[in-house]
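Here's a protein model to explore, with its sequence alongside. Take a moment to turn it around before reading on.

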Amino acid sequence: MPLFRRAKIINNFDLIVDCTDKLLSNWSAMPSHHVHCDIVRQCQNLLLEIFGLISFDYNLDTLNEYDSNKNELTRALHVFMSSCVLVFYSPPIVGTLYTNLNYRHRQAKAIIERHIYQLMDNEMAQTREARAERKRTCLIASLVASLQEDEEAEAKKSEDEKTGLSRVELLHEILAFMVAGFETTSTVLAWFIHAMSKYPDVQHKMKEELMSVSVNQNLTLNQLDSLVYLDCVINEILRFYPITSGTVRTLTVDDRLPKSSFQLNKGDSVLIPFYNLAHDTQHWSIDTESFAPERFLNEDKNHHPYALLPFGGGHRQCIGQALARFELKVIIARMLQRVTFGDGGPKINSGGYFTGLTIQPKHVGVTIGFS
């Protein structure tokens, strides 16, 4: 999709900076000794607002309140995604009963649907000419363009005769983009903030690199492209803290594992474990249990391409990886221009994780100092 190519993505540079500055302003309003224990939710709010503006040209206003618990959409998405995890790991009958009977899930679903239908209605209110122009630059316009003009007429057709999407199908498409567009990237950002509080020497090196290319608080696209060490840190975050345990593929033909007599048959499901690959000593020169961004400058610069799969691989790799990497780089660079993350203490900043749709840090408590 053209909307996810770099030429389109870089046009959102100022938008991402502005949203990040909005979060930084919220942080600066807090007392200097305050320990932030809701970093995961704050990162979700930030990425959801950015993704809403980039993809839907709609201000979800998720950063309007410092207390993120007051934001109904992020709260609803959090409940909805928790339900999805339960349904995914449960027998079908349990998942069906839960989604039909659980009040919190039904309430969250209603809130999400109201917001998404508002997005669709706002787009449909545009003139046909305006929608045709916006289709080249806005995801929501591109999706709405596939909406069926006459759902009653379409309902009478066979599956092969139908063209376009119904409003319910479009709702599901937008929800899928929304969840994928903010959940994964916000998880990486939360792990980054936790890592910086634990590895101050890495944070210091990043700040030094930033100061070497920018003598003031302004940040340009050219300066961003020159931040090589920042790229290494992002890669190390993705390696050290994989945001998902792995993926599954089903064989379409009989096969054998390389250098093995183990037989694989058509129809077998194969688990590809991202964490194991990223921490397998046979694929990495530097200790895999060490947080070492420098590995991507030297010994492990040319690592095996499938030893690190944060966005999958092949023709099924994540369509939004260029956008995710760009968002992360802009946000991190902007944050480190103004703040320093500190360790909030072993009890509240112990890390650990819990598994939802992504693998999120469980205990993050950091101080945020402005300079």
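In which sense do β1 and β9 pair, and over how many bridges? This is a predicted model, and in it β1 and β9 run antiparallel to each other, paired over two bridges. One spot to look for is V35, which stands opposite T367 in β9.

**The sheet**

These two strands belong to an open sheet of three strands, in the order β1-β9-β6, with antiparallel pairing. The edge strands are β1 (35-36) and β6 (339-343), as each of them pairs on one side only. On the other pairing, β6 and strand β9 (residues 366-370) are also antiparallel, this time over five bridges. If you want a place to check that, find D343, which stands opposite V366 in β9. As background, strands of a sheet pair through backbone hydrogen bonds, and the pairing can be either parallel or antiparallel.

**The nonpolar cores**

Now for the inside. The largest nonpolar core has 89 residues. Those touching the most other members are L46, L77, L189, F192, M206, M335 and F341. Which helix gives the most to this core? That's helix α10 (residues 167-198), with 16 residues. A second, separate core has five residues, among them C232, W284, F296 and A307.

L189 is a nice one to click on. Not counting residues up to four places away in sequence, L189 touches C43, L46, L47, L328, I331, I332 and M335.

**Buried or partly exposed?**

Three more residues are worth a look, each sitting in a helix. Here they are side by side:

| Residue | Helix | Relative accessibility | Counts as |
|---|---|---|---|
| E49 | α3 (residues 39-56) | 2% | buried |
| V79 | α4 | 10% | buried |
| V87 | α4 | 33% | partly exposed |

Why does E49 count as buried? Because its relative accessibility is 2%, and buried means under 20%. Leaving aside neighbours within four places in sequence, E49 is in contact with C19, K22, N59, D61, T62 and L63.

V79 is buried too, because its relative accessibility is 10%. Again leaving aside neighbours within four places in sequence, V79 has R104, H105 and A108 as contacts. Take V79 and R104: they are 25 residues apart in sequence, and their C-alpha atoms are 7.2 Å apart in space.

V87 also has its place in helix α4, but at 33% relative accessibility it counts as partly exposed. Why the label in between? Because buried is under 20% and exposed is over 50%, a value of 33% makes V87 partly exposed.

**A nonpolar patch on the surface**

V87 leads us to the outside of the model. Together with L86, I93, V94, L97 and L101, V87 makes a nonpolar surface patch of about 520 Å². Which helices each supply at least two of the patch residues? They are α4 (72-89) and α5 (92-101). The helix that gives the most is α5, with four residues.

How values were computed:
Residues numbered from 1 in each chain as written. Predicted model: local features only at pLDDT ≥ 70, side-chain atom pairs only at ≥ 80, totals over all residues. Heavy atoms only, no water. Patch = residues over 30% accessible without salt bridge, like charges linked within 9 Å, V, L, I, M, F, W, Y side chains within 5 Å. Areas by Shrake-Rupley, 256 points an atom, 1.4 Å probe, with all protein chains shown as cover. Salt bridge = Lys/Arg side-chain N within 4 Å of Asp/Glu carboxyl O. Buried < 20%, exposed > 50% of the residue type's maximum accessible area, 1.4 Å probe, protein only. Core = buried A, V, L, I, M, F, W, Y, C linked by side-chain atoms within 4.5 Å. Contact = heavy atoms within 4.5 Å. Pairing = 2+ DSSP bridges.
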